Each structure stands twice: as C-alpha cells, then as structure tokens.
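Please open the model in your viewer and keep the sequence panel beside it, so that each selection can be followed in both places. The tour moves from one selection to the next and says what is found at each stop.

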Amino acid sequence: MPGLLATLGAQGRPGEVAKVPTNKVIASPLLVLVGLGEEVTPDAVRRAAGNAARAVTNAASVALALPADSPALVRAVVEGWGLGGYSFTTYKSKPGTPTAPAEVVLLTPAARRADVAAAVEPAQVVVDGIAAARDWVNTPPGDLTPPAFADAIGAAVKAANKEARRPVAGSRSTCSTSSVSTSSAVAACSRSGPARPRRRAWSSLTYAPKDAVAHVALVGKGITFDSGGLWIKPAASMATMKEDMAGAAAVVQATIAAARLGLPVRVSAFAALAENMVGAASMRPGDVLTTYAGTTVEVTNTDAEGRLVLADALGRAVERAPDVLVDIATLTGHMVLALGDKMAGVLGDDAVVAEVLAAGEAAGEDAWPMPIPEFYDERIRSSKVADLAQYDGIRWGGGIFAAAFLREFTGGLPWAHLDIAGPTFNKGGANGHLASGATGYGVATLVEVLRARAAPAPSEPS
Ligand code: BES
Ligand code: MN
Ligand code: ZN
C-alpha cells in the first residue's frame, strides 16, 4: 500500500482524491482514497467525506471507511457524504446526475455503541435541511419570488409534518401596508411583492411541543432578489443577489429540523420576504418609514433594505416574548470585507454571541465575534428627520452599524445577529462538503442553538 500511494503521488493532504481500480484484490472493484490532513477532526472528516461523495460517480453500493469512532465523527461522515454529493439540477434539461448508490454503509469500530449509532439519524436530518435551503437559494429569483417562496415554505412544512415527531404550524400572512410598512416599502415596486394587496410577504412558523423547556425566536432575511433598488447595485455585485433570502431559508429549515428531531424547545420563526427592485413605486432616499413597532426610520440608501424588513420581523418576534432572539441575514458587504467570505460575523449580547459561536463550532460552520461599540448608538441616531438613520454613509464599520440598528428592534431581549453575507454563497468550485453556489450556511448552527437550548447544561449549584 505505501508503494501504491507513492506511485499515485498521494500524500493524504486535505482535498486529495485518488481512485484505484482494485482488479479484484478486494471485493470492491474501486477504492477511493481521500486525504484527511494531519489531524482527524470532524471538520477534516466532513471535508474528506464530501470529496469522496463527488468521486464516486456510479456505484450501486458504497462502504465508507473514514474515521468514525465517535458520535461527532459519525455525524461528520454522514454530513460530508450527504452534502458533498449535493447538486442543483432542477433547471438542467438533461441533468445527467449519476444515480445515487442504493446502499451506503458506514463502517465504524464503534457500531455497537448506542451513542455512535444514534448519531446517524439526526445528522441526516441536518443534511436534508441544508440541502433544502441550498435548493431555495439556488432557485432563480424570477421563480422564487416572495409569494412563491411563501408557498414553498408552506409546502415544506406540510411535507415535514408527515414525518415530524411533532408538527410545525405555519402561517402565511397577507401584507397590509399599515402593519408592515418598512417591508412594504422595500417591496413596493416589485410585481410580486406586498405592494399588491393580499400578496403574501410574510411567513411565520411555530413549533410548540408540549414539553418545551425553552422558547427561541428565529428571524431570517428573505430578500428574494436584491437589485439595490434606486441605489442600484453595480452589475457585478448584483450577479448573485438571489442569495439574499438565505437567512429566511435557514430559519425555516432549522425549525423543520427541530420538529423532525422532536426537540423539546419552542421555536417561533419569522421569514421576512420581499424583493428589492426598481420602479416608480420604489422607496426613495429621503423617505421616512414607520416600522412595525412604530419607530421612524429615514431611508438613506435603498440598498440597505435588509435591516428594514428585519426591523419589522424582529418586532413581530418580540411580541412572542421568547427567551432569546437570533436573527440571520446576508446583511452587509462590510462583513465580508471584515471577515472574508467563509465565515459569519456574530454580534449582540455577549452571552448569546458565545452561545451561537459554540453552536457554530459544533456544527462545523465558521463564525467570529464582532463588537458593537457604544458610539454606534450616536451613528444610528444621526437622522435629522426621523428616530433612526437607516445608514449614515460611513463605510467603516458598516456591518456593526447594521447590527446596532437591528438591536433597536429587539425589545431588550437577549439577542444575537449573524451576518452571513460571506459564507452563504460559494462562488468557486465544489470543495469538501460545499457545492458550488448555495452553501446552506446557518441551518446547522441554528439547529445546534436549538439543541443546546433543549438540553440546558445543569446550572451551577449556588
Ligand atoms: N444583500 C446585501 C449584502 C450582501 C453583500 C449580501 C454581498 C451578500 C453578498 C445588502 O442588502 C446590501 O446591499 N448591503 C449594503 C449596505 C450598505 C448600502 C449600507 C452593502 O453591504 O454594501
Ligand atoms: Mn441591499
Ligand atoms: Zn440585501
């Protein structure tokens, strides 16, 4: 074997894949070797399993012999294999997708351990949620309009309830300009938005198991296309703006996953759905909008639309009086400048930020804390005509400004905000468990937040 590896030039580095025809030396006709790198970690295993999934193109059965002797590693194999094999072929007239193997066997020396065996099913639930979120984000924005997205959410909930341990209740509200005016303004000129009376632009889900030990509200930005509005984006920045509803996709799929897993945690999820388009009815720089909670906001840049729809959605979430509020949004390019395009920025109350970071760590999604220094309070209040300025034109700290703005709508509840503008969309090629295009970022982290709240650590004896 060492001789064979040397011949192939295989060194076991991350990303390496070598295919070896076995010529019947072993029962399988093909051996696929994937590099793990120096250290066996869940992240390394997830990546390797993802690379393996794309290397196996037409097999009836597959045995996965990756390191899998703990629940975390088993989970990583299941997630990597399931997500690495993801592809979005809905719009290909000849999908040409290789048929998935009928049988996949996960080999582990710890198969008899109950905790190891029990790790498979929940990992598959997370895979399903991420794949579904990717499908929504990858769907062309002309097809996934706000009402179409609301319908898709309703259909997903209905399908999940068939097998969920406990059902999710969905509600799709019509949008009246009086109750959700900032969201309406964002979508005012979109033919599919709430400007047309009775068009749905809201989707909220409630998962309320009887044995809930906590109540979490999730709020997601669901801009199905962000042209920038009258402050139109340069063409290159607009190219992937179908991704701007990824936060909404993540909160919905995390809620569905919680139901399928039967987690004893109440979830109130709000997807703020709208389009940011150009037209005679577009909101204008200088307009003053009144949010759901009654705060007035001066629009200064029509491209900062996410914070407007989120202000309304947070207002609704606060009414449910949750223990904690988590919002997730492809909110600012500033955060991508700050942290790069592979990790989310997390801002908010220290304790909730720490909770989200720990969840991200367990989920294998990179996130990093960012501060909200006190003087941002002045910046968000710098409007001469309204309570708040939507933006103050100062680029520096733009992602922090946005978070400080959102905080105004959290009703003083414990809160964290995830800015996922970077990691939501993979503009490069597939690697590891990530496909090209939508990544489904956030679903796994949110599920982990819910899981942790459902099984609170025993409190210190006082
Ligand atoms: N949807 C964008 C943010 C974004 C950027 C998402 C890159 C994904 C990738 C958001 O609505 C936006 O346009 N933000 C502006 C805010 C600014 C005008 C205050 C930005 O980041 O430039
Ligand atoms: Mn925008
Ligand atoms: Zn946007």
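**First stop: asparagine 51**

Select asparagine 51 in this predicted model: the residue is buried, with a relative accessible area of 11%, and it lies in helix 2, which covers residues 42–55. Because buried here means under 20% relative accessible area, asparagine 51 qualifies at its 11%. Now display what surrounds this residue: leaving out residues up to four places away in sequence, asparagine 51 touches Gly15, Val17, Val34, Asn431 and Gly432. With the last of these there is a polar contact, in which the side chain of asparagine 51 reaches the backbone nitrogen of glycine 432 at 2.9 Å. Glycine 84 can be added to the view as well, since its C-alpha is 6.3 Å from that of asparagine 51, although 33 residues separate the two in sequence.

**Second stop: ligand 1**

Next select ligand 1, which 18 residues surround, the closest being Asp226, Lys233, Asp244, Asp303 and Gly333. For lysine 233, look for a polar side-chain atom 2.7 Å from an oxygen atom of the ligand; for glycine 333, a backbone N or O atom lies 2.5 Å from an oxygen atom of ligand 1. A backbone N or O atom of threonine 330, in turn, lies 3.4 Å from a nitrogen atom of ligand 1. Taken alone, the ligand exposes 520 Å², of which the protein buries 85%. If you colour by secondary structure, you can pick out strand 7 (215–226) and helix 11 (333–339), each of which supplies at least two residues of the shell around ligand 1.

**Third stop: the nonpolar cores**

Which residues touch the most other members of the largest nonpolar core? Select Trp136, Phe149, Ile153 and Leu218, which do so among its 64 residues. Helix 9 (residues 246–261) gives the most to this core, with twelve residues. Centre on isoleucine 153 and, setting aside its neighbours within four places in sequence, you will find it in contact with Trp136, Ser203, Leu205, Val252, Ala271 and Leu273. Apart from this core lies another, of 38 residues, including Leu289, Ala311, Ala313 and Tyr391.

**Last stop: a three-stranded sheet**

Finally, select the open sheet whose three strands run in the order 9-10-14, with mixed pairing. Its edge strands, strand 9 (288–290) and strand 14 (388–389), each pair on one side only. Strand 9 and strand 10 (residues 296–298) pair in the antiparallel sense over three bridges, and valine 288 has glutamate 298 in strand 10 as its bridge partner.

How values were computed. Residues numbered from 1 in each chain as written. Chains lettered and ligands numbered in written order. Predicted model: local features only at pLDDT ≥ 70, side-chain atom pairs only at ≥ 80, totals over all residues. Heavy atoms only, no water. Pairing = 2+ DSSP bridges. Helix = DSSP H or I, 4+ residues; strand = E, 2+ residues; numbered from the N terminus. Core = buried A, V, L, I, M, F, W, Y, C linked by side-chain atoms within 4.5 Å. Buried < 20%, exposed > 50% of the residue type's maximum accessible area, 1.4 Å probe, protein only. Contact = heavy atoms within 4.5 Å. Near = heavy atom within 4 Å. Polar contact = N/O pair within 3.5 Å; in protein donor to acceptor, adjacent residues only side chain to side chain. Areas by Shrake-Rupley, 256 points an atom, 1.4 Å probe, with all protein chains shown as cover.
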